[in-house]
Amino acid sequence: MDEDSRIAAVDEVPTDTTLLFTVRKGFDEEEALLVRDDGEVRAWKNYCQHWTDVRLDKGDGASMRNGELVCGKHGALFEADTGRCTYGPCEGAVLDEVEVTVEDGAVYLVDDRYEFVQQGSNVEYDLSSNRSLGFE
C-alpha cells in the first residue's frame, strides 16, 4: 500500500468512538471518520443525513451506543457496520461511505474519489457554536 494513503494504525481506531480524518476531492476538503465494529474498520463521511451541516464527530470522537453512531444534535442512530439510520428524523437513510482497507495492521484510503490529507479536521471550529471559522 502507498504510505500517502495510510490513515492510521488499526490500534489507533477506538472501539468505543471514532477517529476523525480529512480527505480531499479536487480542491474541496471534507471530513470522514473511522469506526471499528466487531474487528472491522469502516469509514463514513462525517455528517448526519438529516442535516448535512451537523458533524457526528466534532473532533473528540462521535458518541456511540450499542454499536451505533449517535448524532448529538438529533439523537439519530446509525449502524456502525452499514451506516443505516435506525432511529431519528432520517430513519432509513444511509451515511456516505468512504472506501478503506486494512493491510499489515494499518487502515488505508482506497476510495479513488479522495486523497488522504491528515488525521483530524483541517478546519478550525468555534467551540461555542461548533461552526467553521472563516468564510467557508
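A residue is called buried when its relative accessible area is under 20%, exposed when that area is over 50%, and partly exposed in between, with a 1.4 Å probe and protein chains only. By that rule aspartate 38 is exposed, because its relative accessible area is 76%. The model is a predicted one, in which local features need pLDDT of at least 70, side-chain atom pairs count only at pLDDT 80 or more, and totals for chains, interfaces and linings use all residues. Residues are numbered from 1 along each chain as its sequence is written, and side-chain values use heavy atoms, with hydrogens and water left out.

**Two loop residues with positive phi**

Helices (H or I, at least four residues) and strands (E, at least two) are DSSP runs, numbered from the N terminus. Aspartate 38 is found in the loop between strand 3 (28-37) and strand 4, and asparagine 66 belongs to the loop between strand 5 and strand 6. Aspartate 38 has a phi near 50°, a positive value in a residue other than glycine, and for asparagine 66 phi is likewise positive and near 50°. Asparagine 66 is exposed, with a relative accessible area of 78%.

**The sheet around strand 6**

Strands of a sheet pair through backbone hydrogen bonds, either parallel or antiparallel. Here two strands are said to pair if DSSP finds at least two bridges between them. An open sheet of four strands follows the order 5-6-7-8, and its pairing is antiparallel. Strand 5 and strand 8 (85-87) are the edge strands, each of which pairs on one side only. From one strand to the next the twist averages 40°, where axes are lines fitted to C-alpha atoms, for helices over the stretch in contact, and angles run from 0 to 180 degrees between N-to-C directions. Three bridges join strand 5 and strand 6 (residues 68-70) in the antiparallel sense, and arginine 65 stands opposite glutamate 68 in strand 6.

Leucine 69 also has its place in strand 6, and this leucine is buried, with a relative accessible area of 0%. Contact means heavy atoms within 4.5 Å. Not counting residues up to four places away in sequence, leucine 69 touches a list of residues that includes Thr18, Leu33, Val35, Trp44, Phe78 and Leu95. The C-alpha atoms of leucine 69 and arginine 84, which are 15 residues apart in sequence, are 9.9 Å apart in space.

**Threonine 18 and glutamine 49**

Threonine 18, one of the residues touched by leucine 69, lies in strand 2 (residues 18-25) and counts as buried at 5% relative accessibility. A polar contact is a pair of N or O atoms within 3.5 Å, of which, within protein, one must be able to donate a hydrogen and the other to accept it, while residues adjacent in sequence count only if both atoms are side-chain atoms. One such contact, of 2.7 Å, joins the side chains of threonine 18 and aspartate 57. A polar atom of the threonine 18 side chain also lies 2.8 Å from the backbone nitrogen of alanine 62.

Glutamine 49 sits in the loop between strand 4 (40-45) and strand 5 (63-65), and is partly exposed, with a relative accessible area of 23%. Leaving aside neighbours within four places in sequence, glutamine 49 is in contact with Phe78, Cys90, Ala93, Val94, Leu95 and Asp96. The C-alpha atoms of glutamine 49 and alanine 93 are separated by 6.5 Å, although the two are 44 residues apart along the chain.

**Cysteines**

A disulfide is a covalent bond between the sulfur atoms of two cysteines. The cut-off applied is a pair of cysteine sulfur atoms within 2.5 Å, and a search of the whole structure finds zero disulfides. Two cysteines are set out below.

| Cysteine | Closest cysteine sulfur | Distance | Relative accessible area |
|---|---|---|---|
| Cysteine 71 | Cysteine 48 | 3.8 Å | 1%, buried |
| Cysteine 90 | Cysteine 85 | 3.6 Å | 7%, buried |

For cysteine 71, the distance to the sulfur of cysteine 48 is too far for a bond.

**An aromatic pair**

Rings of Phe, Tyr and Trp (its six-membered ring) pair if their centres lie within 6.5 Å; planes under 30 degrees apart count as stacked, over 60 as edge-to-face and the rest as tilted. By this rule the structure holds one aromatic pair. The rings of phenylalanine 21 and phenylalanine 116 have centres 6.3 Å apart and planes at 45°, so the pair is tilted. The pair links distant parts of the chain, with phenylalanine 21 in strand 2 and phenylalanine 116 in strand 11 (residues 115-119), 95 residues apart. Both phenylalanine 21 and phenylalanine 116 are buried.
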